[in-house]
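Dear colleague,

I am passing on the structure we spoke about, together with some notes on what turned up in it. Please have it open beside you as you read.

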Amino acid sequence: MIDSVEIRPGAYYDSVRLMQASQALQLVPDVEDALVAMGTDLNRELAMDMGFDPGSIGHAGPNDLLVAIRAVDEKAAAAAIQVLESTLAARTEPGAGVFAAPPAHVIGSVAAGANLALISVPGEHAFVEAMDALRHDLSVMVFSDNMPVEQEVVLKKEAERLGLLVMGPDCGTAIVNGVGLGFANVTQPGPVGIVGAAGTGIQQLCCLLDAAGVGVRNALGTGSRDLSVEVGGSSTLRGLEALDADPSTEVLIVVSKPPSPEVAAKVEAAAADCSTPTVLAFLGEEGVTLEGAVGQTLDLAGKPPPVYASWPAVAGDHRPGYLRGLFSGGSLRSEAAVIASGLGMIGHDEHAGGHTLVDFGSDRYTLGRAHPMIDQRLRLQHLEEAAFDPAAGVILLDVVLGHGAHPDPASELAPVIDIARAEGPAVVVSLCGTTDDPQDRERQARLLNEAGASVWLSNAAAARHAVSLTEDGRHE
Amino acid sequence: MAAMSEMRHLLDNEPVVVTAGVEVLTEALEAQSVQVRRTDWKPPPPGTETALATLAAAPAVAEANEIAISRMLECRPHLVGVARAGEVVPGLDDATFLHAGPPLDWESASGPMRGALIGAMVYEALAGTPEEAAARLAAGEIQLSPCHHHQAAGPMAGVISPSMPVLVVEDPEPHRTAYSTLNEGLGKVLRYGAYAPEVIERLRWMERVLGPVLDDALQRTGPVDLRSLIAQALQMGDDGHNRNRAGTSLLLRALGAALVDSDAAPATDRSAVYGFIDSNDHFMLNVVMAVGKLTTDAASGVPNSSLVTAMARNGTEFGIRLSGTGDEWFTAPAPIVDGLFLGSFTAADANPDIGDSAITETIGLGGFAMAAAPAIVGFVGGSAAGAVQRTLAMYEITMAEHPAFQIPILESRGTPTGIDAMLVVRTGVKPQINTGVAGKEPGVGMVGAGLVEAPIECFVDAVKALAGRTIR
Amino acid sequence: MRLRPKSTNGFMTRNVTAAASLGISTRLEGPPETGVCLGESSELSWVQVGGHILVLSGPSSTRLPNGVTLSRPSRRLPHEGDRCVVGEGQIDTGAVRIKVIRWWDSRPSLSPVTPHVLEATAETAHTLLGCESYDALAPALGSSDPVTIQRAMRPLLGRGEGLTPEGDDVLVGVLAGLRLLGPALGASSAKALLDSIAPIILLDAPLHTTSLSASLLRHATAGEVAGPVASLLRALTGRGDLETAVTEVAAMGATSGTATACGVLLAAQSLAKGVNV
């Protein structure tokens, strides 16, 4: 065992670096103990307490560096000195990341310069984040569902107070200045503005208007409960007011499920007050369809209604039986239900028997599972079941394209449609998309069509076709 | 109508979107060449949803926080004198000792805390030997009370007994006072639980010479503006907690002439006072702590406010208080400091975290101002970049940027000031504290220094309690 | 609603999505046509196809009326001399295929404004920006005489340095200002004036300035401008904060934003005075 004590006069290092050096030395193999410190009274005493020779320590002053090493042999002591030199000389390169901000955890820390927050955290946490966004001057889209309605009411009151907009909760679709948020189709900004509580309803309107060469600049989703008595249409009314004041908006559409009568009256009054012509489409009321709302809108915009694209199936027989609708979009299902009402009773779930139109995007099917517009597995399974169900005569499907949706839905659906056609039922597809959607609408239509489905751009047209096939089957 | 202009802002401009939650939605925006600011959202601890929602919904909370933080930022501390603790500290009678952190009794006190209490007994001549002192303390002859309940704060064990001299820090308008002991220096000192004869002797010298000489000097200079002094110290590389070299020097510079030009004490005493302060880089720490106490007291007692007004450790427990929950403490076991150790000490020698000095972090100094003192980050083997990162992280959990305390390397951005307990719970970002480490055996003294994070449990409990008493 | 945690990319890696201005949608959405990259800077490349110039840039760049903004940083931009096939909503540079999946409108819709308000906002913005007089342009615009105005405008074509010479930027501002503020004021004369000036300037432009600059002049005549200029125009009519709009437009390019804004203000002031009289 050897003790090595060295005094380096006038060598100043800050205490932190010296503590690092002491610690580094203690990790050197065969070094028993080490102290690297300025020669203050305290440190000299510490060295002596550690058993180093007071004679060699005594003359160190507070501006001298004291290096005391106890090692097994000379070699270990020399190694320790080498480690000491490199530790004292070490400089951290000031990398490019010196000023890089750490990841932000809360909306408030990155809100400056932004004007919108998109919140899709689990529903029980969404309110806190949304309130934070409002208090930082951001309007909010709450994609999350399962927010308690009393929180929604508070959120929207706060937005009214601050002059901001809340889209949602449970808002799946919005377009702000041509930018698609959540599930949205690619449409050129144009003269139409939409306020809607119905996600795929907004998407269908956008697609049909796009087919007519009319763009949608803003589609403000309001959330599925906005027109309930509790919420009182807060976001719908604010959205209407803002779009009415927007000089680039020439026609307005309000789309939703039928609201409660008192809220409906409020919305109707607000629409009547707008200086911009406004179409109201309360989907589910008798005779109200998305296609019809687009027709009225085009009329107001002075555009002729187009013939919507379709890709008819090669004529072929299908077995007689019930209509079975497998939807991913609630509004598309609602529109189909309006059109199919002549068939009689229409069931809501797959166990109902008879004619059924099922919305696989509703809560009971999405619990613990991705939305069917992204993950088609559940729907594929039911499609296959319907194919082999002798009671099913006509299968009606929606396929929704656009931002956020499955990148290539047809390639998954086509093989199962092929099986279905071989088994007997007819397959009708409502294809909700625009030519600019990232999925390549033409290719999607072709794949579905080649598998034997008749494909329609207008959901209403698809439903009418499906109903007529069902009726044909019945007559046979 | 302000309302309309905001909505126009949304409809007239291309959206710039902050996202929280599902990644695929953020990617869909980025694919559209939209400017996106992501947040790395993480769920808060289970069971806090309702409390957080209640606080977020209540306008009273936001209003209360504005009031509380502005009181914190507007505090104007001045060092006005040095006095005998028993004469000025409210509630400190001859049978009471003050200590750091949340309330505790002799039974639960840690080694250094017991050591310091024993030392104070000997110092006050209430016991002839350490053994006798321990017996009397165990018998409950002395009332123990947190410094925080007496307008005071003390480093490490934080023991204040009636005869000790204390710094008197005041805000003239509205008039408030706070106290802290005088720093004894490093090595074997009472605050680290040492009670050897030289420790007691030093305390007696501080009572007899240091206190009166300093008070005399302060009466000549008049009040020393500590807000400005600390602001300058940050510019010179202090963090106000573990690095106080600049602050100590500035204070000594302010007092120098008055120390020289005095006949209140012999020249040898005055010289010794100068030398004592000069040899102790941490002399300023206790001054900053009194500033911290004055500042947090100013912000205390605002109903509904989630502003943290105390973070303090007694060596056994870590405790916090909120402005809106009054005198209630929310505690968790004190954590072990992650740091570097002196000489041959190791983590096994370390006592759990101790001291009121986290009052510096509570007002945006110390670990929060680490970017001003990059050398401090070396305590955890980090880098200068790491110091900046750590300060930047604290902006996420604070309410404001301090108008006077600025960090040069961040383009003189104000230090992150005023911890919001709600934000701590929401983000999981814990307040980080630069601190010294006491040996766990009484009498050992300082064994290292390093970084420690405040335990999240305190904040969870505090937020729940605040939500329970918040008016909707 | 629930989503799975990670998206799958529907395109092969060499595909890049982009946003583009409606001002070039007819060319982008038309049948495929081959063009060539005429030049590049560190942040953008410009491609000539048919009679159009398309400016390709990275995600954080200014929204130009002839712009295509890629969703990924600019190292995928074409280089000078590269051939590009443009059409059916895509640009194929050989190295990457750029698909437009979002459109923005470069032509701001302005709310009606009174001459009094416009004069006041233009005056404020003028002071904030510290605009030059640009020789005889202001008095010429005041004269409302097409020949005098053309005579004052032509020397500015191509004057200055860079991709968009400062003189051109001023003209962009004047043309866009006349096109958009005229209707907002209800000044029908502005359209007639513009219709008589613009064709001559546009005819001259390719001879005197860069192809990029000439393209921006053409878009300005149609009322299509860069994002910050649109914000300024809106703010002049009372929508949005004027000071913010001025700060943002001044931050565009080295001098481009300020020069364009000053051109807009010249148009605004002459129109406001003209209506007042």
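What follows goes from confidence to the contacts between chains, and then to single elements and residues.

This is a predicted model, and the predictor gives the complex an ipTM of 0.90 and a pTM of 0.86. Chain A averages a pLDDT of 90, with 95% of the residues scoring at least 70, and chain C also averages 90, with 94% of the residues at or above that score of 70. Within chain A, the mean confidence is lowest in H1(A), at 75, and highest in strand S18 (residues 454-456) of chain A, at 98. Two stretches should be read with care: residues 92-97 of chain A have a pLDDT below 50 and make six contacts in the model beyond near neighbours in sequence, while residues 1-13 of chain C stay under 50 and have 29 contacts beyond four places in sequence.

The contact between chains A and B takes 65 residues from chain A and 58 residues from chain B. On the chain A side, the elements that give two or more residues include helix H1 (15-26), strand S2 (31-38), strand S4 (116-119), helix H5 (123-135) and helix H8 (234-245) of chain A. The largest share of this side, eight residues, comes from H5(A). By class, the chain A side that touches chain B has 37 nonpolar, 21 polar and seven charged residues. Strand pairing also crosses between these two chains, since S4(A) is joined by four bridges to strand S1 (residues 17-20) of chain B, and the two strands run parallel; in this pairing, Val18(B) of S1(B) is the bridge partner of Ala117(A).

Chain B is also in contact with chain C, through 21 residues from chain C and 14 residues from chain B. On the chain C side, strand S1 (15-21), strand S5 (67-70), strand S8 (97-104) and helix H8 (227-236) of chain C each supply at least two residues. The residues of chain C that touch chain B divide into eight nonpolar, eight polar and five charged.

To return to H5(A), this helix is mostly covered, with ten of its 13 residues buried; among the buried ones are His125(A), Phe127(A), Glu129(A), Met131(A) and Asp132(A). Its length is as expected, because 13 residues at 1.5 Å a residue should span 18 Å, and the end C-alpha atoms of H5(A) are 19 Å apart, which agrees. Just after H5(A), Asp137(A) takes a positive phi of about 70 degrees.

Strand S9 (residues 192-196) of chain A is likewise mostly covered, five of its five residues being buried. Both of its faces are covered, with Val192(A), Ile194(A) and Gly196(A) on one side and Gly193(A) and Val195(A) on the other. Five bridges join S9(A) to strand S10 (residues 216-221) of chain A, and the pair runs parallel, with Leu220(A) in S10(A) as the bridge partner of Val195(A).

The largest nonpolar core has 410 residues, of which Ile119(A) and Val463(B) touch the most other members. Leaving aside residues up to four places away in sequence, Val463(B) touches Thr48(B), Ala51(B), Leu52(B), Leu55(B), Ser306(B), Ala421(B), Met422(B) and Val425(B). In soluble globular proteins, nonpolar side chains tend to be buried together.

Some backbone details deserve a look, given that most residues other than glycine have a negative phi, and most peptide bonds are trans. A cis peptide bond, with omega about 0 degrees, joins Gly168(A) and Pro169(A), and Pro169(A) sits in the loop between strand S6 (166-167) and strand S7 (173-176) of chain A. That loop between S6 and S7 of chain A also holds Asp170(A), which has a positive phi of about 60 degrees although it is not a glycine. Asp170(A) counts as buried because it has 23 C-beta neighbours inside 10 Å.

In chain B, a cis peptide bond joins Glu173(B) and Pro174(B), with omega about -5 degrees, and Pro174(B) is found in the loop between strand S6 (165-172) and strand S7 (175-181) of chain B. Glu411(B), in the loop between strand S14 (398-407) and strand S15 (413-419) of chain B, has a positive phi near 55 degrees; Glu411(B) is exposed, as 8 other C-beta atoms lie within 10 Å.

With best wishes

How values were computed
Residues numbered from 1 in each chain as written. Chains lettered and ligands numbered in written order. Predicted model: local features only at pLDDT ≥ 70, side-chain atom pairs only at ≥ 80, totals over all residues. Contact = placed C-beta atoms within 7 Å. Nonpolar A, V, L, I, M, F, W, Y, C, P; charged D, E, K, R; others polar. Pairing = 2+ DSSP bridges. Expected span 1.5 Å × (residues − 1). Buried ≥ 20, exposed ≤ 12 C-beta atoms within 10 Å, placed from the backbone. pLDDT = per-residue confidence, 0-100. Core = buried A, V, L, I, M, F, W, Y, C linked by C-beta atoms within 7 Å.
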